[in-house]
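This briefing covers two topics: the protein surface next to a DNA strand, and the setting of one tyrosine. The sequence and structure come first.

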Amino acid sequence: MALRVTTWNINSVRLRQDLVLRVLRELDPDVLCLQEIKVETELFPHDPYEAAGYGHRAVFGQKGYHGVAILSKLPFERGDSPNWCEKGDCRHLAVRLDGIELHNFYVPSGGDVPDPAVNEKFAHKLSFVDEMETWFGANRTPSDRMILVGDLNIAPLEHDVWSHRQLLDVVSHTPIEVEKLTRLQRRTDWVDAVRHFVPADQKLYSWWSYRARDWRLSNRGRRLDHIWVTPPLKDALRTQSILTDARGWERGSDHVPVTVDLAV
DNA sequence: ATGGTTGGGGTCCAA
């Protein structure tokens with residue numbers, strides 16, 4: 001069975017409802033994982049997605065900030081989420097569909113100053129990634145069939161950013177974050193499903209700042225959005241795609257959809 | 001070294 005999974009930080013699901021529907025039409029994923037929906041669970045607009053054929057949905061949202069959702073053509077069972085960092089933030093959804101456990105994450109951005117001693121947001125980000133590593137290490141094994149997607153807010157590889165040297169002190173690409181993300185990856189043998197198809201020496205971005213005068217011209221991007229799979233699904237990987245054009249859509253998100261196709 | 005933009009909720013915080 002073909003399974004297409006897309007992840008997208010939508011930066012307000014209500015403001016960009018038409019763009020979500022456009023992605024569903026143009027990419028036609030079986031499952032769309034959203035981050036930063038910025039709406040309470042109870043106020044999530046279900047009807048347009050029901051009408052678009054996405055009859056199975058999980059929503060974990062809060063007022064104003066964060067929030068994650070999963071829209072699916074396939075039925076699933078909702079799994080539990082730990083209370084990450086005991087913050088009560090809506091940053092994670094887990095579902096089980098077709099024998100696969102799918103995790104949708106929105107990792108804290110981490111603020112501006114890359115020092116956990118003076119920046120509580122950066123400390124939170126580091127703790128969050130540590131907790132992810134600990135949780136998967138304690139509760140799951142590499143032999144479990146799992147997919148992990150989301151805005152991890154870390155660009156781990158040299159060519160996941162426009163300038164490795166210039167971003168070494170910029171939150172999202174600092175050595176301590178990259179080390180923690182890599183440790184999380186290794187603990188459960190996660191395979192980077194996008195880099196599985198794209199060599200590490202090739203630039204790859206999923207986010208461009210709103211602050212650039214011309215995001216396409218300056219092209220100072222970062223790859224913050226990821227899709228990982230555990231080893232049992234590695235041979236099922238078929239292709240990847242990053243919908244860069246979506247960054248240029250009118251009133252678009254600063255992130256673009258990242259997609260992986262599997263044959264499961 | 002600095003500023004640049006966006007969204008949500010409300011006259012500022014997070015990204």
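**DNA strand B and its surroundings**

DNA strand B is surrounded by 18 residues, and the closest are Ser 12, Leu 15, Tyr 210, Arg 211 and Arg 251. The model is predicted. The points below take the DNA side and then Tyr 205.

Composition of the contact surface
- The residues of the surface near DNA strand B comprise 9 charged, 5 polar and 4 nonpolar.
- On the DNA side, sugar or phosphate accounts for 67% of the atoms of strand B within 4 Å of the protein, and bases supply the rest.

Individual polar contacts with DNA strand B
- Phosphate: a phosphate oxygen of the strand is 3.4 Å from a polar side-chain atom of Lys 121.
- Sugar or linking oxygen: one such oxygen lies 3.0 Å from a backbone N or O atom of Tyr 210.
- Base: an N or O atom in the side chain of Arg 211 is 2.5 Å from a base nitrogen of the strand.

Setting of Tyr 205
- Tyr 205 is located in the loop that runs between strand 9 (191-192) and strand 10 (207-208).
- With a relative accessible area of 9%, Tyr 205 falls under the 20% cut-off and is therefore buried.
- Beyond its neighbours within four places in sequence, Tyr 205 contacts His 159, Asp 160, Val 161, Trp 162, Asn 219, Gly 221, Arg 222, Arg 223 and Ile 242.
- One of these residues, Val 161, is 44 residues from Tyr 205 in sequence, while their C-alpha atoms are 6.9 Å apart.

Methods: Residues numbered from 1 in each chain as written. Chains lettered and ligands numbered in written order. Predicted model: local features only at pLDDT ≥ 70, side-chain atom pairs only at ≥ 80, totals over all residues. Heavy atoms only, no water. Near = heavy atom within 4 Å. Polar contact = N/O pair within 3.5 Å; in protein donor to acceptor, adjacent residues only side chain to side chain. Nonpolar A, V, L, I, M, F, W, Y, C, P; charged D, E, K, R; others polar. Helix = DSSP H or I, 4+ residues; strand = E, 2+ residues; numbered from the N terminus. Buried < 20%, exposed > 50% of the residue type's maximum accessible area, 1.4 Å probe, protein only. Contact = heavy atoms within 4.5 Å.
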